[in-house]
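Work through the exercises below with the sequence and the model at hand. Each task is followed by a solution in steps.

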Amino acid sequence: MIDIKNLVVRRGEECVLRDFDAHVPEGTSVRVTGPNGSGKSTLLRVIAGLTAPDAGQVTVAGHPPADPAVRALRGFVQEPPPLYEHLTADEQLCLVAGVWRLRARDLRDRAAALGLGDRFDVLVGELSLGQRKKLGYLCATAHEPRLVLLDEPFNGLDAQAEQAVRDDLARWRADGRTLVLVSHSDASVAGLVDDTLTVGADA
Ligand SMILES: Nc1ncnc2c1ncn2[C@@H]1O[C@H](COP(=O)(O)OP(=O)(O)OP(=O)(O)O)[C@@H](O)[C@H]1O
């Protein structure tokens, strides 16, 4: 699903990723590890087509990451979640439902299961950190992508929401989807990953 050869990414003067190689077969669940600042989020952004490599080759399902052909295939749970502050939670969900031609009702059901049932009419800008995290997670995964990129998906979540996300990941994994996950919490990802990719100083 993902092939990376000799990847180099610079941020300003700093070389964040240097000659990084990885192969993530379709249907595998991979955790990206490394110290703070080692380039884990940068790597996810490259796979998501949001950061262009300075050198090297990266393909997702045989296409360059920014190719429109892989857009619907992929979902990216970002940290912090990119949301429209001036919309209500429900308007944000409806926007995403419209983009992917989904039923808003189904997204509302998922939102309610995550504990957002009484937040639909609240402005995104007035949601708590954990509520924003839940909404961002739903928006990023609404179209049930074959490749799910997750950057610290458990940060700020209460126990019920963490379990709901873990259940989703287990279901997607059993369904043969490909997961690439950054998390500093060993407990949160326990039993959910097949392999580890290490970036940075301890690589
Ligand atoms: N937009 C940016 N502009 C300049 N430098 C950046 C930018 N984003 C990240 N960096 C730098 O790139 C390096 C890698 O950052 P990145 O966020 O990928 O690390 P990380 O491994 O995900 O860190 P953490 O574990 O703290 O989340 C850091 O040194 C950071 O300062």
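**Exercise 1.** What covers the buried residues of helix 2?

Solution. Some conventions come before the steps. The model is a predicted one, in which local features need pLDDT of at least 70 and side-chain atom pairs count only at pLDDT 80 or more, while totals for chains, interfaces and linings use all residues. Residue numbers start from 1 along each chain as its sequence is written.

Step 1: locate the helix. Helices (H or I, at least four residues) and strands (E, at least two) are DSSP runs numbered from the N terminus. Helix 2 takes in residues 89–100. With 12 residues, helix 2 reaches 17 Å from its first C-alpha to its last, close to the 16 Å expected at 1.5 Å a residue; the expected span is 1.5 Å times one less than the number of residues.

Step 2: find the buried residues. A residue is buried if 20 or more other C-beta atoms lie within 10 Å of its own, exposed if 12 or fewer, and partly exposed in between, with C-beta atoms placed from the backbone. In helix 2, Ala-89, Gln-92 and Leu-93 are buried. They cover an arc of only 100 degrees around the axis, which puts them on the same side of helix 2; the arc is that of the directions from the helix axis to the C-beta atoms.

Step 3: name the cover. Contact requires C-beta atoms, placed from the backbone, that lie within 7 Å. The cover of the buried residues of helix 2 includes helix 3 (104–113) and helix 4.

Step 4: look past the end. Arg-101 follows helix 2 and has a positive phi, near 55 degrees.

**Exercise 2.** Show which residues of helix 5 are buried and which are exposed.

Solution. Step 1: Helix 5 has 16 residues and reaches 22 Å from its first C-alpha to its last, close to the 22 Å expected at 1.5 Å a residue.

Step 2: The buried residues of helix 5 are Ala-161, Val-165, Leu-169 and Trp-172. Seen down the axis of helix 5, these fall within an arc of 80 degrees, so they line one face of the helix. The general rule is that an α-helix has 3.6 residues a turn, so residues three or four places apart point the same way.

Step 3: Ala-159, Gln-160, Gln-163, Asp-167, Arg-171 and Ala-174 are exposed on the other side of helix 5.

Step 4: The buried residues of helix 5 pack against helix 4 (129–141), strand 6 and strand 7 (178–182). Just after helix 5, Gly-176 has a positive phi of about 85 degrees.

**Exercise 3.** Describe the surroundings of Pro-153 and of Glu-152.

Solution. Step 1: Pro-153 sits in the loop between strand 6 (147–151) and helix 5 (159–174). Pro-153 counts as buried because it has 31 C-beta neighbours inside 10 Å.

Step 2: Leaving aside neighbours within four places in sequence, Pro-153 is in contact with Val-77, Tyr-137, Val-165 and Ser-183. Val-165 is also one of the buried residues of helix 5. The C-alpha atoms of Pro-153 and Val-182, 29 residues apart along the chain, are separated by 7.8 Å.

Step 3: Glu-152 is found in the loop between strand 6 and helix 5. Phi of Glu-152 is positive, near 50 degrees, and Glu-152 is buried, with 20 C-beta neighbours inside 10 Å.

**Exercise 4.** Where is the cis peptide bond that involves Pro-80, and what does Pro-81 touch?

Solution. Step 1: Most residues other than glycine have a negative phi, and most peptide bonds are trans. The bond that joins Glu-79 and Pro-80 is cis, with omega about -5 degrees.

Step 2: Pro-80 is in the loop between strand 5 and helix 2, and Pro-81 is found in the loop between strand 5 (74–77) and helix 2.

Step 3: Pro-81 is buried, with 20 other C-beta atoms within 10 Å. Not counting residues up to four places away in sequence, Pro-81 touches Arg-132, Lys-133, Leu-135 and Gly-136.

**Exercise 5.** Which element gives the largest share of the shell around the ligand?

Solution. Step 1: A residue is near the ligand if its C-beta atom, placed from the backbone, lies within 6 Å of it. Among the residues that surround the ligand are Arg-11, Glu-14, Asn-36, Lys-40 and Thr-42.

Step 2: Strand 2 (14–24) and helix 1 (40–47) each supply at least two residues of the shell. Helix 1 gives the largest share, three residues.

Terms used
Two residues are in contact if their C-beta atoms, placed from the backbone, lie within 7 Å.
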